[in-house]
Amino acid sequence: MAFQRKLVAGLISLLGIMLSSGLHAAADMNMRPGVTETSIAAYDLHMMVIWVMVWVSVAVFGAMIYSFIFHRKSKHPVPATFSHSTKVEFIWTIIPIIILIYLTIPAIKLLIKMEDASDSEMSVQVTGSQWKWHYKYLDQDISFYSNLSTPPEQYEDFDHQGTDKGENYLLEVDNMVVLPINTKIRFLVTADDVIHSWWVPEIAVKKDAIPGFINETWTNIPTPGIYRGQCTELCGKNHGFMPIVIKAVSKADFTAWVDTKNAEKKAAADAAAAAAAASWDMDKLMALGETTYKSTCAGCHGVTGEGIQGLFPALKGSPIATGPVAAHMGIVVHGPSSKKMPAFGAVLTDAQLAAVITYERNAWGNSTGDMVQPSDIQAFKAGN
Amino acid sequence: MSDHHPTGIKRWLFTTNHKDIGTMYLWFSFVMFLTGGAMAMVIRAELYQPGLQFVEPAFFNQMTTMHGLIMVFGAVMPSMVGLANWLIPMQIGAPDMALPRMNNWSFWILPFAFTMLLSSLFMEGGAPNFGWTFYAPLSTTYAPPSTDFFIFGVHMMGISSIMGAINVIVTVFNMRAPGMTLMKMPLFVWTWLITAFLLIMVMPVLAGAVTMMLTDRHFGTSFFDAAGGGDPVMFQHIFWFFGHPEVYIMILPAFGVVSEIIPAFSRKKLFGYSSMVYATASIALLSFIVWAHHMFATGMPVAGELFFMIATMLIAVPTGVKIFNWVATMWQGSLTFETPMLFSISFVILFTIGGFSGVMLAMAPVDFQYHDTYFVVAHFHYVLFPGAIFGTTAAVYFWLPKWTGKMYNETLGKIHFWMSMVFVNLTFFPMHFSGLAGMPRRIPDYNMMFAEFNMWASIGAFGLGLTQIFFLVTIIMAIRNGKKAEDKQWDGATGLEWDALPSPVPYHTFATPPKVD
């Protein structure tokens, strides 16, 4: 029928448009080979299966299309009467088995290699939590959190004005995982709250981060560069907003980075001690409190302290943020009894804890006038 | 006399008639299909371009969760039960299902179960937001209060499914007309019989999983909490022990449907009937030993990964047999391409594409790159939409003349087919690319490198949404003003429903069993 032919033509031209629009982005249409030996091996296996599937499609769909053309009623009015053939059925049971064996052998070899994390030269503990990653270099005694660094102004577009987005939109972090090249690095992956999954496509490493369990995986990156990935297990509200960024550097640069980090750590410890010893005024507490609140607490409790009804309690006007200070400090430092919120006692410095509690007690109309000093936090921790 | 039936609301509330119950199942599943589809429209609108334009991430997660739950439990499964109710008694020469009152109950549970599930959208904290796979502890410790409604909703759906499955098994084993031996049954009856066994095996496992969630949430147990000696991964083992057979529960009856339709429009007997039966049974048996291929990234021992990888790849063998048999049925037939045939052919082609990506996903070392990306979303939508849903659609066009005595408009049917074909591929094919390019699933926003594929997928999805309205109009027009259908509308069709019954079928059929030779 005419309309049918038109529809077919339309379908074909639509596919043509799709393909041509896809072609200039051709590099992005397929899996990227990545940079490590295993990621390249995984890519090769992927291409091998694709080609096998293409040839199987040609055979199966080819036979179907041949039937559509030559066995249609107008061309082939009297149907054949055969309805089984043991020989043919035997053959098309055996051929797929042979193809599968052909695919399985390299897959088995690669899998065994990928799961062998032995003889690693250094270990990094990766901990997922809602919604950031924590990295702890077990041999270098360095640890830090890695947060999304794309500002909310770039992704919140509810007024449909459009926003300017950077090249690495949603794939950029404040602290990259710096790793040395040509080193077998073991990752110990775990989580604090729900299940997350740590995935960096360019090195073909994906491992679930499971609370209470430690998973092991590894990589050995041959080329310096920046490799970006994301959390791949639904972990709540901001699952789409906890990227992973690896910066692979030469061994010498890595040593230099470790030294800088250690120096920074010492300076930070000194500064924290000094800050904790000092007495802070309200403005200073509120200023640090606001920064800390926005980076640490606003993800759940909201920038305006209103939370999400039924999921994340409001702090604005809440009995905890306006009630006794000790109970408030208890929840922030040790976490609530429900365990739905992590304990921040070891995550934030005493000054940050004091500031954020002060902020929560005085922002958004919670005008308690209470000031919590870093020394109060120290005393509270000591008292418990 | 044979057409006597009660009228008004009581006809539907108290009916024990398999045809009425089948009709209610089919309409219910269509309503759920539109509901779940509306949620898909929200998801695709948000993903149309980078940035958050319409919904907050928290609501986005509720949409992906509810879309999955409603499509799986509300649209696909009940549509298959609806077809079973209509067709199994007619195809085996039985007057009705063996347990008609239970049949009524298993249907009427569903509207309540889904009202309960949907009501959670309006509760404080919102609807379940942890994905249709509801992995603990996101679905236990960290879940919204409405999770308890979800748990009881799942329990009710499970009870409904188990009763439906018992009914099918009892009917097939006890109600066949004299001479209708097991190996003479139409393939649709066979696939449903096997599906019913799968349902009885795995729905109680799902019930166990949600009950453990309930006690973890409220009664101090720690099945899925490592801090109390439990294991979150155990949840996934239990869930997928249900979940993998579940995917065959959704597809096997569709296999049965196309195994009826392709021979009819090829005017040739189904090639390899007995190997089709054995292949279906093998797929069902294998489905119990492959569940952990959904869990390669959880840190299983390598021996476990190897076992589940190889067992999964084995499924390609019986599935291949089925596809080759369908092709061989068409080979040297005398083909015509009416709407049911078009849907069945595209079922075979697009399901095969879904099968290919299935083999790719089964290969553990590469699965680390595919797992939890849009590649997986593309894969399971290829087996579910052009698979299960095209199968049901083909069945509706094929048997509508028998059910209602009215013919649909062939031109509208073909337009519906081509719209479906274009938009299904436009929606789901680009998802392969965005997945391979590295886009994780279940995220509300993404980097610009995925923008083009998402835009195409969204355009396709809006078209696919409109297509369903077109389908509804086509069907209603057929029921209201369709041309009168012949008793044997399709010259190549075989089976008791075509050879021994008029169109439309009377309210009561086979009060005395037909003779089968």
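Strand S6 (residues 196-200) and strand S7 (residues 205-209) of chain A run antiparallel and are joined by five bridges, where strands (E, at least two residues) and helices (H or I, at least four residues) are DSSP runs numbered from the N terminus, and two strands are said to pair if DSSP finds at least two bridges between them. The structure is a predicted model, in which local features need pLDDT of at least 70 and side-chain atom pairs count only at pLDDT 80 or more, while totals for chains, interfaces and linings use all residues. Residues are numbered from 1 along each chain as its sequence is written, chains are lettered from A and ligands numbered from 1 in the order in which they are written, and side-chain values use heavy atoms, with hydrogens and water left out.

Within this hairpin, A:Trp199 stands opposite A:Lys206 in S7(A), and among the four residues between the strands A:Ala204 takes a positive phi near 50°. Strand S6(A) is also joined by two bridges to strand S9 (residues 225-231) of chain A, again in the antiparallel sense, and there the bridge partner of A:Trp199 is A:Gln230. Five of the five residues of S6(A) are buried, a term that stands for under 20% relative accessible area, with exposed meaning over 50% and partly exposed the range in between (1.4 Å probe, protein chains only). Both faces of the strand are covered, with A:His196, A:Trp198 and A:Val200 buried on one side and A:Ser197 and A:Trp199 buried on the other.

These strands belong to an open sheet of five strands in chain A, which has the order S4-S10-S9-S6-S7 and mixed pairing. Its edge strands, each of which pairs on one side only, are strand S4 (177-180) and S7 of chain A. Neighbouring strands of the sheet are turned by 25° against each other on average, direction ignored; axes here are lines fitted to C-alpha atoms, for helices over the stretch in contact, and angles run from 0 to 180 degrees between N-to-C directions. Strands S9(A) and S10(A) run antiparallel and are joined by six bridges, and A:Ile226 has A:Lys247 as its bridge partner in S10(A). This lysine, A:Lys247, lies in strand S10 (residues 243-249) of chain A and counts as partly exposed because its relative accessibility is 36%. When neighbours within four places in sequence are left aside, A:Lys247 is in contact (heavy atoms within 4.5 Å) with A:Met176, A:Val177, A:Val178, A:Leu179, A:Gly225 and A:Ile226.

A second sheet in chain A is likewise open and mixed in its pairing, and its five strands follow the order S3-S2-S1-S5-S8. Strand S3 (142-146) and strand S8 (215-219) are its edge strands, each pairing on one side only, and its neighbouring strands are turned by 20° against each other on average, direction ignored. Strand S5 (residues 185-191) of chain A pairs with S8(A) in the antiparallel sense over five bridges, with A:Phe187 standing opposite A:Thr217 in S8(A). Helix H5 (residues 251-277) of chain A lies across strand S1 (122-129), strand S2 (132-137) and S3 of chain A, and runs at about 85° to S3(A). The helix H5(A) also lies across S4 and S10 of chain A, where it runs at about 135° to S4(A).

In chain B, helix H6 (residues 187-218) has 32 residues and reaches 46 Å from its first C-alpha to its last, close to the 46 Å expected at 1.5 Å a residue, the expected span being 1.5 Å times one less than the number of residues. The helix H6(B) bends by about 25° at B:Ile200, with the proline B:Pro204 following within four residues; the bend is the angle between axes fitted to the seven residues ending at a given residue and the seven starting there. Because 23 of its 32 residues are buried, H6(B) is largely enclosed by the rest of the structure.

Some backbone angles also deserve a remark, given that most residues other than glycine have a negative phi, and most peptide bonds are trans. The peptide bond from A:Gln130 to A:Trp131 is cis, with omega near -5°, and A:Trp131 is found in the loop between S1 and S2 of chain A. Similarly, the bond from B:Ala136 to B:Pro137 is cis, with omega near 0°. The phi of B:Asp372 is positive, near 60°, and this residue counts as buried because its relative accessibility is 5%.
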